[in-house]
Amino acid sequence: MDGALNRLYSWRYNPLYHSGALTVALMIILLVTGTYLLFFYRIGSPYDSVVRLQNQVWLGRWIRSLHRFASDAAVVAIAIHAVRIFAQRRAWGPRALAWLSGLALLGLTLVCGWTGYVMVWDIQGLVLAREGARFLDALPFFSEPIARAFVGEREIPSAFFFLNLFLHVALPLGMGVALWIHVARIARPALLPPKKLAWGVTGLLILISVIWPVAMAPEADLFHLPRTAPYDWFYSFWLPVTALMPPWAAWIGVTVLTALASAIPWWTRPKIEAVASRVETRLCDGCRQCYLDCPYEAIAMIPMEGSRKGIVAEVEPSLCVSCGICSGSCAPMGVGPPGRTGRDQLGEVRSFIKENELGERDVVVVACGHGIGLLGQAGMPDDVPLYSVECIGSMHTSILEFLVRSGVGGVLIASCPPRDCWHREGPHWLEERLYNDREAELKSRVDRRRVRVSFLGGGDAWLFKKELESYRRDIGAIEGIEAEKDVALDLDCRTDVSAEEVGR
Ligand code: HEM
Ligand code: SF4
Ligand code: SF4
C-alpha cells in the first residue's frame, strides 16, 4: 500500500506515512467545527436544535457534516497509525508508554464519538443510548437501572443530555492530556502533517460535506423500537456483535481485547535483545551532538569524572531503543550500540571493499535494512553490491568517504522516506550530515556527485530500479575517478586516542 500511494502522492505527501499527525490535524478540525455546533445545540430540545442546524444551508449543514466526516476519518487514521506501528514492531521498550497512551486515545475517541451520536437524539442515538445503559447496568454502581430512563415510563431528564454533552466536551480535553503523554518520550514529535497534505485533506472533507451532507434520521421515540436505524461503521462497528451478547460478556470481551492489545509492547520485543548504546568516555569530547540527535532523548550530558574537566555523554539504557543514530552523530566515533559504532562500521566497510573488488564504474547501494535493504542482494543487479545498514541515520558518514576514496564509482543511498523511518529521524539527520554540515558531516573533500540519496520505501522496488539505472549512467559519465591506496580518515576531535587504547 505504501508503494501504491507513493506512486500517487510521492513519499512527501503519502498519507499513510503521516497517519499520527493527520489524526492531530483532524482533531483540530473537530475542535473548530464542534465549537460552532455547540453555539446552536440545546439540551432542552436536542433533536430540534440539530434540525435547525441542518436547515442552515450556507453554514450549519456542511459544518455538521464536516464534523461527522472528520471524526470518521480520525478513526481510519488512528487505525492505520496503530497497525503501522504494530507491523513495524515499534511498540516495545521506551515506546510502550506511547503504545499504551495510544490505546487510551483510541478508547477516548470511540467513547467521544458514541456521545456525539447520542447528542443528535435520532433513532441511532436512541439505539446507542440504550446499548450504553445496558452495559452500565451490568456494573454494580447504580441503585436504579439506567435503562429504565429509555422505556418511556417518564420523560428523559435533561440531566441526561447535559451529562452526555459534558462528556462529549470533556473527553477531548482528556485526549489532549493523553496526547501529551503519548509523545512525552519522543524528541521533536511531528505533530502536524505537511501543509499541502493537511489542506488537501481539509479541502476534500469540506467538498464531500458540501456535495453530500449527512441527512437527519427520524427523531428518537421511546414508544417505538426502530426496525432499522442508520448505522455508523466507524463508531458503532461493534454494535451488531454486542447486541447479540449479554452485557457481562461484552465487558469481558472488551477487557480481554484491551489486555491483549496492552501486552503487544512486551510480545513484540526483539527476539535478540536490543542492547543499549554505550559511550566510550575517553573518546567523548562533550560536543553534545549525540544528545541533540537521539530521537528518544536517551542521552544526557553529565560532568566528567576524575581529572578531566567538561561534560560527557551518558546513555540511559531504559530509554534507548538501540537505533544506532548516535553512532552516526559522533565524529570521534565514541558512542553507539556495541558492535555498531562508527569504528565497527569502518571495520565492516573495509572487509566489504576487499570482498567485492570494486572499481571506478561500480555503484554500491547503501540501503536501510527496513526499506530497500529488504530486497537483499538477490534484488540487486549482479554487478551491484548491497551494503545494508540498520538505519540510514546510524551510518557514519566516514563509511561514504571510505567507499568513495577507495575508488568506488558512486554510492546510491536508498534511505526510507523521512516520515517512514523506523527510528523516526534517520533520513533527516542523513541529509543534514551530507548537505548541511551537521556533525558528523560528510567532509567537503568528498565529491558529492559520487554520493546520491534516494528516498524509497520497501514497496518502491520499481522506482529503485529506475533511480539505480539513471545513477549508473551519471557515474559512467564522470571522468577521472581515482582510487586511493590506503585511505586514512581523520577522526575529528580527539585523534590522540587510538582504537587500541580503548580496548578494541
Ligand atoms: C488520537 C489518536 C492518536 C494520535 C493523535 C497519535 C499521534 C501520534 C504522533 C503525532 C506521534 C509521533 C510521531 C513521530 O513524530 O514519530 C505518535 C507516535 C506513536 N504512536 Fe500515536 N497517535 C494516536 C493513537 C495511537 C494508537 C491507537 C497507538 C497504538 C495503540 C499509537 C501508538 C504510537 C506509538 C507506539 C508511537 C511512537 C512511535 C515511535 O516512536 O516509533 N498511537 N502518535
Ligand atoms: S557525539 Fe560523541 S563526542 Fe559528542 S557528546 Fe556524543 S559521544 Fe561525546
Ligand atoms: S541508540 Fe543512540 S540514538 Fe538510538 S535511542 Fe539509543 S542512545 Fe538514542
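**Domains, helix packing and two backbone details**

Good morning. The domain assignment divides the protein chain into domain 1, residues 2-267, and domain 2, residues 338-491. Please bear in mind that this is a predicted model.

I begin with the relation between the domains. The C-alpha centres of domain 1 and domain 2 are 45 Å apart. The two are nevertheless in contact, through 17 residues of domain 1 and 15 residues of domain 2. An interface is often sized by the accessible area lost when its parts come together. Here, domain 1 and domain 2 bury about 1,400 Å² between them, and 52% of that lies on carbon and sulfur atoms.

I turn now to helix packing. The angle between the axes and the distance between them describe a pair of packed helices. Consider first helix α2, residues 19-40, against α4: their axes come within 8 Å and cross at roughly 155°. Since angles over 145 degrees count as roughly antiparallel, α2 is therefore roughly antiparallel to α4. The crossing of these two helices is left-handed. By class, the contact of α2 with α4 comprises 14 nonpolar, nine polar and two charged residues.

Helix α4, residues 60-87, also packs with helix α5, residues 96-120, at an angle of about 160° and with the axes 11 Å apart. This pair, α4 and α5, is therefore roughly antiparallel as well, and its crossing is left-handed.

Which residues of α4 and α5 meet? On the α4 side they are Arg 64, Arg 68, Asp 72, Val 75, Ile 78, Ala 82, Ile 85 and Phe 86. On the α5 side they are Trp 99, Leu 106, Thr 109, Leu 110, Tyr 117 and Val 120. Sorted by class, this contact of α4 with α5 has ten nonpolar, one polar and three charged residues.

Finally, I would draw your attention to two points in the backbone. As background, most residues other than glycine have a negative phi, and most peptide bonds are trans. Trp 121, in the loop between α5 and α6 (123-137), has a positive phi, near 55°. Further along the chain, Glu 439 and Ala 440 are joined by a cis peptide bond, with omega at about -10°. Ala 440 is placed in the loop between α16 (426-435) and β8 (451-455).

To summarise, α4 is roughly antiparallel to α5, α2 is roughly antiparallel to α4, and the two domains bury about 1,400 Å² between them. Thank you for your attention.

Notes
Residues are numbered from 1 along each chain as its sequence is written. Chains are lettered from A and ligands numbered from 1 in the order in which they are written. This is a predicted model: local features need pLDDT of at least 70, side-chain atom pairs count only at pLDDT 80 or more; totals for chains, interfaces and linings use all residues. Side-chain values use heavy atoms; hydrogens and water are left out. Axes are lines fitted to C-alpha atoms, for helices over the stretch in contact, and angles run from 0 to 180 degrees between N-to-C directions. Helices (H or I, at least four residues) and strands (E, at least two) are DSSP runs, numbered from the N terminus. Angles under 35 degrees count as roughly parallel, over 145 as roughly antiparallel, 65 to 115 as roughly perpendicular and the rest as oblique. A crossing is left-handed if the near helix is turned anticlockwise from the far one by less than a right angle, and right-handed if clockwise. Contact means heavy atoms within 4.5 Å. Ala, Val, Leu, Ile, Met, Phe, Trp, Tyr, Cys and Pro count as nonpolar, Asp, Glu, Lys and Arg as charged, and the others, Gly among them, as polar. Domain bounds come from an automatic or database domain assignment. Buried area is the accessible area (1.4 Å probe) that two parts lose on being put together, summed over both.
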